Amino acid sequence: MHSTTNAQPRLTVEALQKSFLLHGQGGIEIDVMRDLSLTLHAGECLVLAGRSGIGKSTLLKMLYGDYRIHQGRIRLHFDDGELELESLPAYAWHGLRRDVIGYVSQFLRVVPRVATVDVVMEPLLARGADEHQSRQRAETLLARLNLPERLWQLPPGTFSGGEQQRVNIARGFIGEHPLLLLDEPTASLDAANRDVVVALISEAKARGSALLGIFHDEEVRNRVADRLLPLDGSLGACAADTQENLS
Amino acid sequence: MKKPALERPVLLDVQDITRLYGPGKGCEEIDFRLHAGEVLGIVGESGSGKSTLLRVLSGLEAPDAGRVIYRRLSNEPEAARQVNEPEAARQVNEPEAARQVNEPEAARSGQHVVDDDEATSDFDLDLYAIGEARRRALLRLEWGLVHQNPRDGLRMGVSAGANIGERLMAQGQRHYGRLRETGQEWMRQVELDPGRIDDAPRTFSGGMQQRLQIARTLVTRPRLVFMDEPTGGLDVSVQARLLDMLRTLVRQLGLSVVLVTHDLAVARLLAHRLLVMRRGRVVETGLTDQILDDPQHAYTQLLVSSVLTP
């Protein structure tokens, strides 16, 4: 039994819905999520399952403030109270993303021509961390992810998909956010680097981070997931967590 | 873990601004707040009124209606109030003048002088209710404005060093050696060769001029900076470097920025939050990602879906 199961969750999502209204296409409305609920505790990794297009990435984007929240509730819980993300003013998201919610997206989006190591250390500098220490942390992570040292001073724009993904992972994990959202971080990695990501996830859990992720690779999923949340094709029935224990 | 401190003080309170040159020309009923440390992007096509709005916000043009309130922290001395005669300060901008004035740097008292015409008790300044001289001093000493065309922001006839030193001298710095040192420091900071400190900006390329304009504006560490298409006239290869530099400076100096751009890619990389303007009005606001990835308004959807990606 997980030690934190009885504790207050870090994240609660209730009856979340999402649809996109496309004005340019004659005003059609596309439903992508209906009545989604979940809880996530510190120190656990919940993995979203289900076929492509079912709304897994959409959920992560809503949690990161990338997509707007129109219906449903998303709450973060702290020792001294909670934050309701659906009613958070835009300016408050800046600090929340810097200090609380981290996100490893599928695609690296950075200023062109900036060196890889600078891309990776930026989340620490944004908090006012010491530049030398931040650089060391970035280099340590890049080395762990087997990114050749000769690439560190180069901008990642021309790197291969797998190399870019490792830069993205390093940038996502360096901040050690209490809530970490992972959108297929292992999609184009080889076995050795998948192992590194699995280790990074285990360390994050041990630190008390709560992780919510999408992993198509079944082997990785089984290694990192404490629970699975299957999203259902009917959109309506994707509600409750299965308390399936995978370990 | 404890709840994070997410509150940020309001720096600029823009209340219902209207400035029209004719029907549908200009900006109408613009209302928003800029928080400390935020980079706010104003996006829209040409003719959407974003440049008019920037002129009103940055003190260059009085609105027909509405107010622009600058909320200063209560314990901060107002640099602008320390300059009694702003016109005198403006004349000390030739490099020769800098060489002549060799006395030790005037001690800047840092005391807040309380007079009768204090705008409000909260240290708020109503930009168009304070006098012209005081507004101009505020613009030159506490705020910064980066023009799209560096020629509008630089003195093309005087040296790079004199350009950088001008705002410092307006603040009362007179020590030539120190001004020169600061000039070289800032040239390095914006990746210009400090060896060219005595060269006139007209001998610089467009990208170098833009970096010089940024150094000239930021040397006094303004809290609030307005930027009008800062990467607009530059080659794409130069744009990227400038974008990275601006991001770094915003972080290091803790700047708050109002950025006008028609380039959504620039907005994505620089701005935390966006206002989308169309025909003089704000049609949508939100986090930059939200505007670009989940646009709600029909016009924003059209704008975002029309961007070419290589």
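**Close-up views of a predicted two-chain model**

**View 1. Helix H9 of chain B and its surroundings.** The 18 residues of H9(B), counted at 1.5 Å a residue, should span 26 Å, and this agrees with the end C-alpha atoms, which are 26 Å apart. The expected span of a helix is 1.5 Å times one less than its number of residues. Helices (H or I, at least four residues) and strands (E, at least two) are DSSP runs, numbered from the N terminus. The structure is a predicted model, in which local features need pLDDT of at least 70 and side-chain atom pairs count only at pLDDT 80 or more, while totals for chains, interfaces and linings use all residues. Residues are numbered from 1 along each chain as its sequence is written, and chains are lettered from A and ligands numbered from 1 in the order in which they are written. The buried residues of H9(B) are Gln239(B), Leu242(B), Leu243(B), Asp244(B), Leu246(B) and Val250(B). A residue is buried if 20 or more other C-beta atoms lie within 10 Å of its own, exposed if 12 or fewer, and partly exposed in between, with C-beta atoms placed from the backbone. These buried residues of H9(B) pack against strand E3 (39-43), helix H8 (206-218), strand E8 (256-261) and helix H10 (264-270) of chain B. Just after H9(B), Gly254(B) adopts a positive phi of about 60 degrees.

**View 2. Helix H8 of chain B, a mostly covered element.** Twelve of the 13 residues of H8(B) are buried, among them Met208(B), Arg211(B), Leu212(B), Ile214(B) and Leu218(B). The cover over the buried residues of H8(B) includes strand E6 (143-146), helix H5 (150-153), helix H6 (160-170), helix H7 (176-189), strand E7 (224-228) and H9 of chain B. At 1.5 Å a residue, the 13 residues of H8(B) should span 18 Å, in agreement with the 18 Å between its end C-alpha atoms. In chain B as a whole, buried residues make up 45% of the 310 residues, and the secondary structure comes to twelve helices and ten strands.

**View 3. The contact between the two domains of chain B.** The domain assignment of chain B gives domain 1 (13-74 + 223-310) and domain 2 (79-111 + 154-221); such bounds come from an automatic or database domain assignment. Ten residues from domain 1 of chain B and nine residues from domain 2 of chain B enter the contact, where two residues are in contact if their C-beta atoms, placed from the backbone, lie within 7 Å. On the side of domain 1 of chain B that touches domain 2 of chain B, helix H9 (residues 236-253) of chain B gives the most, with five residues. By class, that side of domain 1 of chain B has eight nonpolar, one polar and one charged residues. Ala, Val, Leu, Ile, Met, Phe, Trp, Tyr, Cys and Pro count as nonpolar, Asp, Glu, Lys and Arg as charged, and the others, Gly among them, as polar.

**View 4. The contact between chain B and chain A.** Chain B contributes 28 residues to the contact and chain A contributes 27 residues. On the side of chain B that touches chain A, H9, strand E10 (281-287), helix H11 (288-293) and helix H12 (298-305) of chain B each supply at least two residues. H9(B) gives the most to this side of chain B, with six residues. The residues on this side of chain B divide into nine nonpolar, seven polar and twelve charged.

**View 5. Strand pairing around E4 of chain B.** Strand E1 (residues 10-22) of chain B pairs with strand E4 (residues 65-71) of chain B in the antiparallel sense over five bridges; two strands pair if DSSP finds at least two bridges between them. Asp13(B) stands opposite Ile69(B) in E4(B). E4(B) also pairs in the antiparallel sense with strand E5 (residues 124-126) of chain B, over three bridges, and here Tyr70(B) stands opposite Leu125(B) in E5(B).

**View 6. Parallel pairing around E3 of chain A.** Strand E3 (residues 45-49) of chain A and strand E8 (residues 210-214) of chain A form a parallel pair over four bridges, in which the bridge partner of Leu46(A) is Leu212(A) in E8(A). E3(A) also pairs in the parallel sense with strand E9 (residues 227-230) of chain A over four bridges, and Val47(A) stands opposite Leu228(A) in E9(A).

**View 7. Leu179 of chain A in strand E7.** Leu179(A) lies in strand E7 (residues 179-183) of chain A and counts as buried because it has 20 C-beta neighbours inside 10 Å. Not counting residues up to four places away in sequence, Leu179(A) touches Arg10(A), Leu11(A), Val100(A), Ile101(A), Ser209(A) and Ala210(A).
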